[in-house]
Amino acid sequence: MTRRVLVSLGVALLCVSAAFAANTGRLAGQVLDNNGAALPGVTVQISSAQLIGGPQAAISGAEGEFAFNLLPPGAYTVEAVLPGFRPAAGELRVQVDTTATVTFRMVPETFASEIEVLAEVPVVDTSQVNARQVWDEDYLQKATVGTANRSYQSVLGQAAGVTGGSNPNVFGSTEGENAYLVDGMNTTDTVTGTWTTMFNMDSIEEMNFQTGGFEAEFGQATGGIVNLVTKSGGNEFSGSLDLRYRDQSMNENGDHFDKNAQDSSNEQYSGALGGPILRDKLWFFTSLQYILTMRDQPTWYFSREWEGWQGLAKLTWQVSDANRLVGKYSTTPAKIPGVNAGISYTESAKGTQEQNTDLWQFELNSVLSESWLLNVQAGTYSSTIEVFSTDAPDTVPAHYNESTLLWYNAYPGVTDSERPRDELRVNASFFEDDLLGSHEFKGGLEYTDMGFSDGYYYNGGGIFYDNDGNISSTWTPVDLNGDGFFNNYVEIKIPEETVKNPVETSGTLYTFFVQDSWRVHPNLTLKPGVRLDKTLMYNALDTEIANMERWQPRLGAAWDVTGNGRHVIRASAGRFMDPTTLNIASMASGVVTEIYAQYGTLEYFCNASRGNWCTVEDLPASLQALAFNWTDWEGTEYTLINNRSESTSEPSLTLDEAGLGQLKSPYSDQLILAYETQLAPQMALELTYVNKSGESLIDDTCMGNTWAYGQGEFPSFDDPSTWSTIENCQRYLVVNMPTWERTYEAGIVKLEARRSWGQMVASYTYAESKGNNETGPRWYHYPEGDFFPLNFFNTYGYLSDQRDHRVKLNGYFLLPYRFTIGYDGYWSSPGNLTIESTCAAFNGAYGRRSTADQAAALGIDPATLAYCDAALIGAGGVSGYNIFHTPRGSVETKGEWQLDLQVTKGFKVGGMELEGILTVYNLFSQEWDASFNSTAFRQATETDPETGRSTGLVYQDDDPSAPYYDEYYGADSSPVLMPIGAPTSYYQPRRYEIGVRLEF
């Protein structure tokens, strides 16, 4: 009789998160005989190309147990040897911050002919409690289709429950609520909460993406947590060279695209090299990537280019058997000439943006004993952005011609921004096997120091607004000061002596966590934990303006139903704090940073009067008293008239700063339930339910809205006496906005396979994402909660990430003759729009026939015009604000689907692998509507081919049976309107890209 003895491997996939998370994993297991009795004294050895120091060995203890700690992620071979027993071996993958488990059932040599020993690696994880997606090196190389997806930010969109672009919405959170880690170090932008640094895909060993339910060690996000684990080299030299190219000639024409009407190109060249400096002691890894993209259109005055480098240098030193030290430096300098390319800027007003993120990191991993592990990490990064005039020094002022609508002479201003972050983390793990089951206790402390230095000033000291000098047949305009322009007025930031001084704000974050992974029973794992985050923010005067802290309890459970790793039920619940960004400190900087003064020019009066007022003495006495001379930074003198306006932008105040209360951190409460089953070796199906709510959301509001900080009842839509006014909105207050919330509920089905024929990740998500605010930490300053009722009417409903159904299919197939096909496909049901307009357009709608008819057709209630308040509009109050005419997201758009493919063919060239690469974007050339009109009373336009500008279209009412938006032009100059839901942009048709890759 033949018996089958299985080597059971359960890989716990706890994706890295938190500000600093360890970048190693653990392998533990037990050795039993064929009757299930423990076997002590067994020699267990592990080996891997990623394991510096060479193979490691351990001896199983009294209960047959063994463990290996501080293992880099990668594929491992595990072997068990005991005299008198048949050797056993298995293959498994260790992932970051996981404990991969293996059980050996060893067979006596006397049964060798009767018992077959097999190694089985199930994909179901018997101790995982969170929602996550992990991509390994093979997947990232073969399943990322073309350069458009050859970045870690693009890969994030493949995860189930994730929507949006490179800063995605994760389970309904906003784009500024994620954390982006590189080898455990937080590189998230300190101001916007978005990613800051880029990496060559050839430098990434593993990519971990937690989408919810993470343990107490992990935090600083209510969305997702990304961690890139970079390569370390090895005992053998290896490397790669990857070259990709596409341009406009490789695009196809379509119904909405003419490839000859624009010019574009994309070049991406990358290389990597790693290997030993001292075998098993000191490894190195380096990578470098160069990217050059260009876009140009006939109506632009210059092209937009993006030229950047991405470099990485890393050393891994096995100091001793128990200690490993890692040091890393990465840099991502980029230059963007023509950053302002478009129809409005002439060549002389061309701007350039330069940016960079420098990252230094050091990590020490130590095995203090069989039961104690220590991890220490320290790092610093700085992200900088500078924008300046490409061809003119900052002494030359910009000019804007209000007749031609064009910028001239110089780029308008100089931006200089720096966002540094310093971090330190210490944590320790303790393993206990005889305390009502086995435990992995872990605790740690973290410290983060953040900064934001932000400066902006006008080139030349001011911006000039020009006109055509009132040119006519009877008048030749005069250029009084010889600057080559006919100046109308100038805007100057004052006081001029301080305009170049940047505003510097800062913040400090302290974290404490403790957690346990408690295996109560071989089939049941509990993971309780608690986390405390405390954020302190300081304005430019170094005054504390916010002190936010929150205890975050977490609890997870995983039940291996049958005890063989084939069926697992998991659950997690907890609270997750968003530490927010220095956007708050910047808004509440404590200093007046923007005083804008507008002055008329003598030149304007000279030309407007046809030469009658060309000296100060010619002016009326009232204007003479307001005249003064001003010299720009280039040295040109102007006679200005202080007859216009001056505006001061006062900084906002936080509740703490204003003495009106205490600002609290936003948070989300999450419940995740899941069932996962193994369908076949290395193939698993997972069913997940997600329920998530975001509370205590932050926004800025009018200071006079006392109800926003608990003084008085929440206002009523029906009681105008409770509404906001211009008078109580002279300054803004940062508060936890009453009634603001976001909720997300979803059911997810995911199929994942890692087989000999390739890898596949497929998912279906049914979701509901609702709320009344989605600005988040990135956009606290948006005018969404300023005026009541205007900014609160119809604001609750479906959020922008809402689509009922989404299907994703990603992966690669390995075919005969060294062919590989990578695929990236998706389908989604219709999205959602909110019908809105500016208050000014709404106020004028009933004075014209077509706009009034559209309001009636859309069911817009004329009574809601009171929410804009005509008196406030006349006072210049809320005219530019938008009002929602329908509940948020109540209008459906259209569904869409797309498939991208990449085909590679490999060749052996000596000891190297050479691949030819062909990428096809949008294989079926679907030109789906990409965006839709949601603006009521919007005049239909067409584009002037000469200037690229839109011009209004109006038609005689020749066809009374035509739709209301297509028929009116009469005495009231009623405009032709763009229909609600009309497409405003389209997806590009089929495009191609070629490349070649060399590996050794």
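**Exercise 1. Place Gln515 in its strand and describe the surroundings of its side chain.**

Solution. Start with the secondary structure: Gln515 sits in strand 32, which covers residues 503–521. Keep in mind as you look that this is a predicted model.

Next, check the accessibility. Gln515 has a relative accessible area of 10%, and the cut-off for buried is under 20%, so Gln515 counts as buried.

Now list the neighbours. Beyond residues up to four places away in sequence, Gln515 touches Glu215, Ala216, Glu217, Glu440, Phe441, Lys442, Pro528 and Gly529. Two of these partners deserve a closer look. The side chains of Gln515 and Glu215 are joined by a polar contact of 3.1 Å, and the Gln515 side chain also reaches the backbone nitrogen of Glu217 at 2.7 Å.

Finally, try a C-alpha distance. Gly444 is 71 residues from Gln515 along the chain, and their C-alpha atoms are separated by 9.4 Å.

**Exercise 2. Work out how Thr144 is held in its loop: is it buried or exposed, and which backbone oxygen does its side chain reach?**

Solution. First find the loop: Thr144 lies between helix 1 (137–142) and helix 2 (152–155).

Then take the accessibility. With a relative accessible area of 1%, Thr144 is buried.

Follow the side chain next, and you arrive at the backbone oxygen of Leu140, at 2.5 Å.

To finish, gather the contacts outside the four nearest places in sequence. For Thr144 these are Tyr139, Asn149, Arg150, Val155, Met201 and Gln902.

**Exercise 3. Find the cis peptide bonds that precede Pro495 and Pro789, and say where each proline lies.**

Solution. Begin with Pro495. The bond joining Ile494 and Pro495 is cis, with omega about -5°. Pro495 belongs to the loop between strand 31 (487–493) and strand 32, and strand 32 is the one that holds Gln515.

Move on to Pro789. From Phe788 to Pro789 the peptide bond is cis, and omega is near 10°. This proline is in the loop between strand 46 (758–771) and strand 47 (797–798).

**Exercise 4. Compare the settings of Tyr817 and Phe937, two residues with positive phi.**

Solution. Take the backbone angles. Tyr817 has phi near 60°, positive although the residue is not glycine. Phe937, also not a glycine, has a positive phi of about 60°.

Now the locations. Tyr817 is in the loop between strand 48 (805–815) and strand 49 (819–828), while Phe937 is in the loop between strand 56 (929–932) and strand 57 (941–943).

Last, the accessibility. Tyr817 counts as exposed at 69% relative accessibility, whereas Phe937 counts as buried at 8%.

**Exercise 5. Describe helix 8: which residues are buried, what do they pack against, and which residue follows the helix?**

Solution. Within helix 8 (residues 849–857), the buried residues are Ser850, Thr851, Ala852, Gln854 and Ala855.

Look at what lies across from them: the buried residues of helix 8 pack against helix 7 (839–845).

Then step past the end of the helix. Gly859 follows helix 8 and has a positive phi, near 75°.

**Exercise 6. Characterise Ile463 by its burial, its contacts and one long C-alpha distance.**

Solution. Locate Ile463 in strand 30 (residues 462–466). Its relative accessible area of 4% makes Ile463 buried.

Neighbours come next. Leaving out those within four places in sequence, Ile463 is in contact with Ala398, Trp407, Pro412, Tyr458, Tyr489, Val490 and Glu491.

For the distance, choose Val561, 98 residues from Ile463 along the chain: the two C-alpha atoms are separated by 71 Å.

**Exercise 7. Step back and summarise the whole protein.**

Solution. Count the elements: the protein has nine helices and 60 strands. Then judge its compactness. Its radius of gyration is 32 Å, close to the 30 Å from the globule rule for 1000 residues, so the protein is as compact as a globular protein of that length. Its C-alpha atoms fill a box of roughly 115 × 70 × 65 Å along the principal axes.

Turn to burial and contacts. Of the 1000 residues, 54% are buried. Among contacts with a separation of 6 or more, 74% are between residues 24 or more positions apart.

End with surface and charge. The accessible surface is about 39300 Å², and carbon and sulfur atoms hold 54% of that surface. There are 63 positive and 124 negative side chains, with the centres of the two sets 9 Å apart.

Conventions:
Residues are numbered from 1 along each chain as its sequence is written. This is a predicted model: local features need pLDDT of at least 70, side-chain atom pairs count only at pLDDT 80 or more; totals for chains, interfaces and linings use all residues. Side-chain values use heavy atoms; hydrogens and water are left out. Helices (H or I, at least four residues) and strands (E, at least two) are DSSP runs, numbered from the N terminus. The radius of gyration is taken over C-alpha atoms; the globule rule is 2.2 Å times the number of residues to the power 0.38. Buried means under 20% relative accessible area, exposed over 50%, partly exposed in between (1.4 Å probe, protein chains only). Contact means heavy atoms within 4.5 Å. Accessible areas come from the Shrake-Rupley method with a 1.4 Å probe; for residues, only the protein chains shown count as cover. Lys and Arg count as positive and Asp and Glu as negative; His and the chain ends are not counted. The place of a charge is taken as NZ of Lys, CZ of Arg, CG of Asp or CD of Glu. A polar contact is a pair of N or O atoms within 3.5 Å; within protein, one must be able to donate a hydrogen and the other to accept it, and residues adjacent in sequence count only if both atoms are side-chain atoms.
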